[in-house]
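Q: I would like a close look at one part of this protein. Please start with the ligand site, then move out to what lies beyond.

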Amino acid sequence: MKRILVTGAAGQIGTELTQSLVGRYGPGRVLATDIRDPALWASRCAAEQLDCLDIDALRNTVTRFGATAIHHLSAILSATAEADPVRAYRINMNGLVNVLEVAAEAGCRVFVPSSIAAFGPGTPRDPAPQSALQRPTTMYGVTKVAGELLCDYFHSRFGVDARGLRFPGLISYAAPPGGGTTDYAIEIFHAALREGRYTCFLRADTRMDMMYMPDAIRAVIEVMEAPPEGLTHRNAFNVTAMQFTPDELAAAIRSHVPGFRIDYDPDPLRQSIADSWPSRLDDSEAREQWGWRHEYDLPDMVTDMFRGLNEQLAREGALAAGR
Ligand code: AKB
């Protein structure tokens with residue numbers, strides 16, 4: 001019987017993944033944890049405060065809940081990591097090694113997201129093959145490569161059934177992103193609805209790899225349910241859905257918000273991070289090994305983002321009116 005502990009459950013992936021896991025396996029089978037106090041974030045299942053750097057607390061929580069799987073989502077993203085790289089290293093690596101150690105003791109399956117950031121300027125850009133040179137130039141990327149290797153090591157040395165996906169930028173409306181380089185592709189929707197204009201921190205022609213959150217969540221669930229014997233690249237599957245530039249996204253937004261205006265004021269740090277990543281991942285191994293298929297392309301994603309954000313605004317308006 002599956003019992004899933006989620007770390008970083010209040011974050012961008014965690015919010016939607018927890019909801020999907022609850023829908024699929026039932027609220028009693030999922031425990032949402034985050035370093036933030038649960039009083040500050042809503043959850044559809046039991047929720048607790050947990051700092052993954054505290055291995056005793058992690059071990060106690062896994063044992064008490066009887067977890068059979070850990071979805072380890074807490075991490076510092078690319079742009080935030082560059083503000084304090086050593087802190088990012090400690091959080092991303094020490095949190096992960098604690099999760100793997102406890103998973104080895106308790107016999108848990110583990111999911112850990114990797115990222116397109118695990119590649120660097122020396123990797124072929126379009127597409128980046130599944131197996132390619134990995135020399136990232138960001139601390140976030142360093143922790144993602146090391147994380148992939150650590151998961152492989154715990155699998156071969158201690159038999160931990162760890163699995164992972166290299167995500168491109170993820171786009172969603174349910175929870176805000178947390179300091180990534182691809183965040184412009186979310187901010188732009190909020191700005192379009194609020195002000196009809198947006199100033200982008202990347203150049204107009206910065207082509208990046210992206211995926212809509214419902215596809216990402218389905219990918220996590222599918223890779224975690226895939227028969228283990230078919231998985232060769234178990235901790236680092238490239239997955240992708242769409243590629244676009246800020247200019248192309250703005251044009252797609254204009255078909256919902258006529259007159260929408262985009263300006264550019266590139267931020268040197270985030271521009272250099274974006275320029276160091278491939279613009280597309282080759283996900284043929286994921287397609288072959290566990291049947292990965294994306295559903296949302298650019299127009300579908302834009303339509304669904306506006307649907308979700310407009311529903312959210314209507315709910316907030318109704319709440320404010322009832323006050
Ligand atoms: C980021 O921009 O840091 C993340 C990522 C691509 O992993 N969204």
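How far is an oxygen atom of the ligand from an N or O atom in the side chain of Ser-78?

A: The distance is 2.6 Å, in a model that is predicted. Two further residues make polar contacts with the ligand. Ser-115 has a polar side-chain atom 2.7 Å from a ligand oxygen. For Tyr-140, the distance from a polar side-chain atom to an oxygen of the ligand is 2.8 Å. Ser-78, Ser-115 and Tyr-140 belong to a longer list of residues around the ligand. Leu-77, Ile-116, Gly-180, Thr-181, Thr-182 and Trp-277 are also on that list.

Now look at the sheet. Ser-115 sits in strand E5, which covers residues 109-115. Strand E5 is part of an open sheet of 7 strands. Their order is E3-E2-E1-E4-E5-E6-E10, and the pairing is parallel. Strands E3 (46-49) and E10 (237-238) are the edges. Each has a single partner strand, so one side of each has no neighbour in the sheet. E3 and strand E2 (residues 30-34) run parallel and are joined by 4 bridges. One pairs Asp-34 with Gln-49 in E3.

Finally, take helix H7, residues 213-225. H7 lies across strands E4, E5, E6 and E10. Its angle to E6 is about 150°. The helix has 13 residues and spans 18 Å from first C-alpha to last, close to the 18 Å expected. Buried residues in H7 include Met-213, Ala-216, Ile-217, Val-220 and Met-224. An α-helix has 3.6 residues a turn, so residues three or four places apart point the same way.

Note on methods. Residues are numbered from 1 along each chain as its sequence is written. This is a predicted model: local features need pLDDT of at least 70, side-chain atom pairs count only at pLDDT 80 or more; totals for chains, interfaces and linings use all residues. Side-chain values use heavy atoms; hydrogens and water are left out. Two strands pair if DSSP finds at least two bridges between them. Helices (H or I, at least four residues) and strands (E, at least two) are DSSP runs, numbered from the N terminus. Contact means heavy atoms within 4.5 Å. Axes are lines fitted to C-alpha atoms, for helices over the stretch in contact, and angles run from 0 to 180 degrees between N-to-C directions. The expected span of a helix is 1.5 Å times one less than its number of residues. Buried means under 20% relative accessible area, exposed over 50%, partly exposed in between (1.4 Å probe, protein chains only). A residue is near a molecule or strand if one of its heavy atoms lies within 4 Å of it. A polar contact is a pair of N or O atoms within 3.5 Å; within protein, one must be able to donate a hydrogen and the other to accept it, and residues adjacent in sequence count only if both atoms are side-chain atoms.
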